[in-house]
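Work through the exercises below with the sequence and the model open side by side. Try each task before reading its solution.

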Amino acid sequence: VLNEALKELPFERLTISNAALAIQGDGWQAHIPFSLSWDGALKIKAHDITASYNGKHISIASVRHTLWATETDGWGGAWEIEGISSPDTTIVLGSTGGYGFDDSNQFVIGGKASSDDDTVRTAFTLTLPVASPEQALFTLHYATMPWEGATLSIQETSFSVLGDDDITLPLQVSQLPIQALMALMTDQPVTATGQISGAIPAIIKRDGTILIGTGALNTESNGTLSLPRELIPGSGFQIDLTRDILEQFEYKTLSVEVEAQENDRISVLLAVKGANPDVYEGREVHLNVRLDGDILDFVRSNVMLLMQPETLLE
């Protein structure tokens, strides 16, 4: 529909008020109350939108959209969304953006979104060649959000919208409290000080499954770590010694290495270097604790203690 055709419309203004659009799909549905007007540009206002997908619910306070024909016989638009929320989260988002659709048959839409308190922010672009939609490309320019006292962020990355390959997001973790990390991995009352940062990629499969890829986190300064004795399984001299050391461990370095394994499993190696002032005269030890399983809520195997040669000899 080009400018010449629009001039032939038999009216100057069209208004639809107090309307509602109900959509029912396979596993999803939506209810959209809206009003619409045309006066050379198409303006749509929707409010109190509700939608659900596979049991997940979302509500949107308002949507404003304006669409107009450009002088080059293309189309341009702008949109604004307020109050995107879900019962599953306390985050309330708003979003703004625009798009263009020109005679080159390429549709480009871009936008930014942020939470009310500005702790969640993202920007994106979707490029859709109409003649070859299989080449549709989504670019995430950046994304950041808080998590367990840390900041999670993703730098610019692109992926095919309709492709079959897994989507890998380069996830950066900044200043994650070690106590929160240990509580997540062990589900035990671990006491720890200090923060840890690094990169661990998130892998999204096309069926919606989210996996963790290979990466590492490292501490930025010294700290303390205290693990309950019952958290370390097994018996024997080396295991008892490990329990003694980790009851009040003062670390110089602490790292967490995550390794992706077969069958969507991961293995985590916790490596610490430091000492317990009350064990072996406070001599330095290197301790590796491997945690593996589908969900890291228990310590399962392979505790290895590597001490200074003279301490090991003693």
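**Exercise 1: Strand β9 and its partners**

Ala123 has Tyr142 of β9 as its bridge partner. The model is a predicted one.

Task: Find how many bridges join β9 to β10 and to β11, and in which sense the strands run.

Solution.
- Step 1. Start from the pairing of strand β8 (residues 121-129) with β9, which is antiparallel and has 7 bridges.
- Step 2. Go on to β10: β9 is joined to β10 by 5 bridges, and the two run antiparallel. Here Met145 has Leu152 in β10 as its bridge partner.
- Step 3. Turn to β11: 4 bridges join β9 to β11, again in an antiparallel arrangement. Phe138 stands opposite Phe159 of β11.

**Exercise 2: The turn after β9**

Task: Say which residue in the turn of the β9 and β10 hairpin has a positive phi, and decide whether Glu148 is exposed, partly exposed or buried.

Solution.
- Step 1. Between β9 and β10 the hairpin has 2 residues, and Glu148 in the turn has a positive phi of about 50°.
- Step 2. Most residues other than glycine have a negative phi.
- Step 3. Glu148 has its positive phi although it is not a glycine.
- Step 4. The relative accessibility of Glu148 is 41%, so Glu148 counts as partly exposed; the limits for that class are 20% and 50%.
- Step 5. Compare Gln175, a residue other than glycine with a positive phi near 60°. Gln175 is placed in strand β13 (residues 171-177). With 38% relative accessibility, Gln175 counts as partly exposed.

**Exercise 3: Aromatic pairs**

Task: State how many aromatic pairs the whole structure holds, and classify the pair of Phe138 and Phe159.

Solution.
- Step 1. Searching the whole structure gives 4 aromatic pairs.
- Step 2. To describe a pair of aromatic rings, take the distance of the centres and the angle of the planes.
- Step 3. For Tyr99 and Phe107 the ring centres are 5.4 Å apart and the planes lie at 45°, so this pair is tilted. Tyr99 counts as buried, at 16% relative accessibility.
- Step 4. For Phe138 and Phe159 the centres are 5.4 Å apart and the planes lie at 35°, so this pair is tilted. An angle under 30 degrees would count as stacked and one over 60 as edge-to-face.
- Step 5. Locate the two rings: Phe138 is in strand β9 (residues 137-147) and Phe159 in strand β11 (residues 157-160), so the pair links distant parts of the chain, 21 residues apart.
- Step 6. Phe138 has a relative accessible area of 23% and is partly exposed.
- Step 7. Ring pairs link Phe138 and Phe159 with Trp79 and Phe124 in a cluster.

**Exercise 4: The second largest pocket**

Task: Work out which elements give two or more residues to the lining of the second largest pocket and how the lining divides into nonpolar, polar and charged residues.

Solution.
- Step 1. The space in the second largest pocket is about 230 Å³.
- Step 2. Its lining residues include Leu21, Ile32, Phe34, Ile44, Ile60, His65 and Trp79.
- Step 3. Two or more lining residues come from each of β2 (28-38), β3 (41-53), β4 (56-69) and β5 (75-85).
- Step 4. The lining divides into 10 nonpolar residues, 1 polar residue and no charged ones.
- Step 5. Look at β2 again: 9 bridges join it to strand β1 (residues 14-24), and the two run antiparallel. Leu14 has Trp38 in β2 as its bridge partner. The hairpin of β1 and β2 has 3 residues between the strands, and Gly27 there takes a positive phi near 85°.

**Exercise 5: Buried or exposed**

Task: Decide for Thr219 and Asn263 whether each is buried or exposed.

Solution.
- Step 1. Thr219 lies within strand β18 (residues 215-219). Its relative accessible area is 17%, so Thr219 is buried.
- Step 2. Leaving out residues up to four places away in sequence, Thr219 touches Ile178, Gln195, Ile196, Tyr251, Lys252, Thr253 and Leu254.
- Step 3. Asn263 is in the loop between β20 (249-260) and β21 (266-275). Its relative accessibility is 68%, so Asn263 counts as exposed.
- Step 4. Asn263 and Glu250 are 13 residues apart along the chain, and their C-alpha atoms are separated by 36 Å.

Definitions and conventions
Residues are numbered from 1 along each chain as its sequence is written. This is a predicted model: local features need pLDDT of at least 70, side-chain atom pairs count only at pLDDT 80 or more; totals for chains, interfaces and linings use all residues. Side-chain values use heavy atoms; hydrogens and water are left out. On a 1 Å grid over the protein atoms alone, a cavity is a set of points where a 1.4 Å probe fits but cannot get out, and a pocket is an open set with protein on both sides within 12 Å along at least five of seven lines; lining residues have an atom within 4 Å of a point. Grid points are joined across faces, edges and corners, and a volume is the space filled by probe spheres set on the points. Ala, Val, Leu, Ile, Met, Phe, Trp, Tyr, Cys and Pro count as nonpolar, Asp, Glu, Lys and Arg as charged, and the others, Gly among them, as polar. Rings of Phe, Tyr and Trp (its six-membered ring) pair if their centres lie within 6.5 Å; planes under 30 degrees apart count as stacked, over 60 as edge-to-face and the rest as tilted. Buried means under 20% relative accessible area, exposed over 50%, partly exposed in between (1.4 Å probe, protein chains only). Two strands pair if DSSP finds at least two bridges between them. Contact means heavy atoms within 4.5 Å.
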